[in-house]
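Biologist: I am new to protein structures, and I would like a close look at one part rather than a quick tour of everything. Could you pick a starting point and walk me outwards from there, step by step?

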Amino acid sequence: MRIVYIILCTPHTQADDYIVSIVREVKPQYQLFIHEVHLRKIVIKKTNLSIYFVNHLDSDIVGECFSYVNGEKVIKISFNYWKKAFDEQKEELIFHELGHCLLNIHHIERYKRYDIMNPMMLPKGYYTKNRNKLINNLFDDYLHKRRPVE
């Protein structure tokens, strides 16, 4: 049986010369990320961005950012993961993938520290308890170029 998630999508919006198309369920987390960007007066390069659900990603991957040579960015989220995830896990996942797609931040070393850009999801409850610190670390590292960027 084939399931199509197009009914979950909101129409894309066009701002200036770029398009943002995000599934409705992910929009709150995207808006929180953009709010954090604006609080820090970060200017993100305008780019076409799509975020949508897929039925399957490789192995244990629950989200993935793709950057194309034309500048387009696509984030694919596992629908099976999303429907089971807690709110904190959803926010962590979206901030992680937007860290890749919009801030061009790579993963940190796997076991170096608890961090949004760690390739492994944080332990349950850790994100909520340490949310402000984790988000500050993400944007501080971006602002001060303490991580490798493409």
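Modeller: Happily! Let us begin with one pair of residues: Y52 has K76 of strand 5 as its bridge partner. Please keep in mind throughout that this is a predicted model.

That pair belongs to a longer partnership. Strand 3, residues 49–54, is joined to strand 5, residues 73–78, by 6 bridges, and the two strands run parallel. Where does strand 3 sit, enclosed or open? Of its 6 residues, 5 are buried, so the rest of the structure largely encloses this strand. Here is a handy rule while you look at it: side chains in a regular strand point alternately to one face of the sheet and the other.

Strand 5 has another partner as well. Strand 4, residues 63–67, pairs with strand 5 over 5 bridges, this time in the antiparallel sense. One example is S67, whose bridge partner in strand 5 is K73. Strands 4 and 5 make a hairpin, with 5 residues lying between them. In that turn you will find G71, which has a positive phi of about 95 degrees.

Now let us step back along the sequence from strand 3. Between helix 1 and strand 3 there is a loop, and R40 lies in it. Setting aside residues up to four places away in sequence, R40 touches I135, N136, F139 and L143. Take F139 from that group: it is 99 residues from R40 in sequence, yet their C-alpha atoms are 8.0 Å apart in space.

K41 is in the loop between helix 1 and strand 3 too. Its phi is positive, about 55 degrees, although K41 is not a glycine. Is K41 buried or exposed? Its relative accessible area is 71%, and since anything over 50% counts as exposed, K41 is exposed.

Moving further back brings us to helix 1, residues 27–39, which meets helix 3, residues 87–101. Their axes come within 9 Å and cross at roughly 55 degrees. That angle falls outside the ranges for parallel, antiparallel and perpendicular, so helix 1 and helix 3 are described as oblique to each other. The crossing of these two helices is right-handed. On the helix 1 side, the contact uses Q29, Y30, L32, F33 and E36, while helix 3 brings K90, E91, I94, F95, L98 and G99. Sorted by class, this contact contains 6 nonpolar, 2 polar and 3 charged residues.

Let us zoom in on Q29, which is part of helix 1. With a relative accessible area of 9%, Q29 is under the 20% limit and therefore counts as buried. Apart from neighbours within four places in sequence, its contacts are W82, K90, E91, I94 and F95.

Helix 1 also meets helix 5, residues 131–143. Here the axes come within 11 Å and cross at roughly 65 degrees, again in a right-handed crossing. L32, F33, E36 and V37 of helix 1 meet R131, I135, L138 and F139 of helix 5. By class, this contact has 6 nonpolar residues, no polar ones and 2 charged ones. You may recognise some names: L32, F33 and E36 are listed in the contact with helix 3 as well as in the one with helix 5. I135 and F139 should also sound familiar, as R40 touches them.

Past helix 3, a loop leads to helix 4, residues 126–129, and N104 lies in that loop. N104 has a positive phi of about 60 degrees, although it is not a glycine. At 27% relative accessibility, which lies between 20% and 50%, N104 counts as partly exposed. In helix 4 you can find K129, which is exposed because its relative accessible area is 73%. K129 and E88 are 41 residues apart in sequence and 9.9 Å apart in space, C-alpha to C-alpha.

Finally, let us place all this in the whole chain. The protein chain has 5 helices and 5 strands, arranged along the sequence as β-β-α-β-β-β-α-α-α-α. Of its 150 residues, 45% are buried. Among contacts with a separation of 6 or more, 58% link residues 24 or more positions apart.

Conventions:
Residues are numbered from 1 along each chain as its sequence is written. This is a predicted model: local features need pLDDT of at least 70, side-chain atom pairs count only at pLDDT 80 or more; totals for chains, interfaces and linings use all residues. Side-chain values use heavy atoms; hydrogens and water are left out. Axes are lines fitted to C-alpha atoms, for helices over the stretch in contact, and angles run from 0 to 180 degrees between N-to-C directions. Helices (H or I, at least four residues) and strands (E, at least two) are DSSP runs, numbered from the N terminus. Angles under 35 degrees count as roughly parallel, over 145 as roughly antiparallel, 65 to 115 as roughly perpendicular and the rest as oblique. A crossing is left-handed if the near helix is turned anticlockwise from the far one by less than a right angle, and right-handed if clockwise. Contact means heavy atoms within 4.5 Å. Ala, Val, Leu, Ile, Met, Phe, Trp, Tyr, Cys and Pro count as nonpolar, Asp, Glu, Lys and Arg as charged, and the others, Gly among them, as polar. Buried means under 20% relative accessible area, exposed over 50%, partly exposed in between (1.4 Å probe, protein chains only). Two strands pair if DSSP finds at least two bridges between them.
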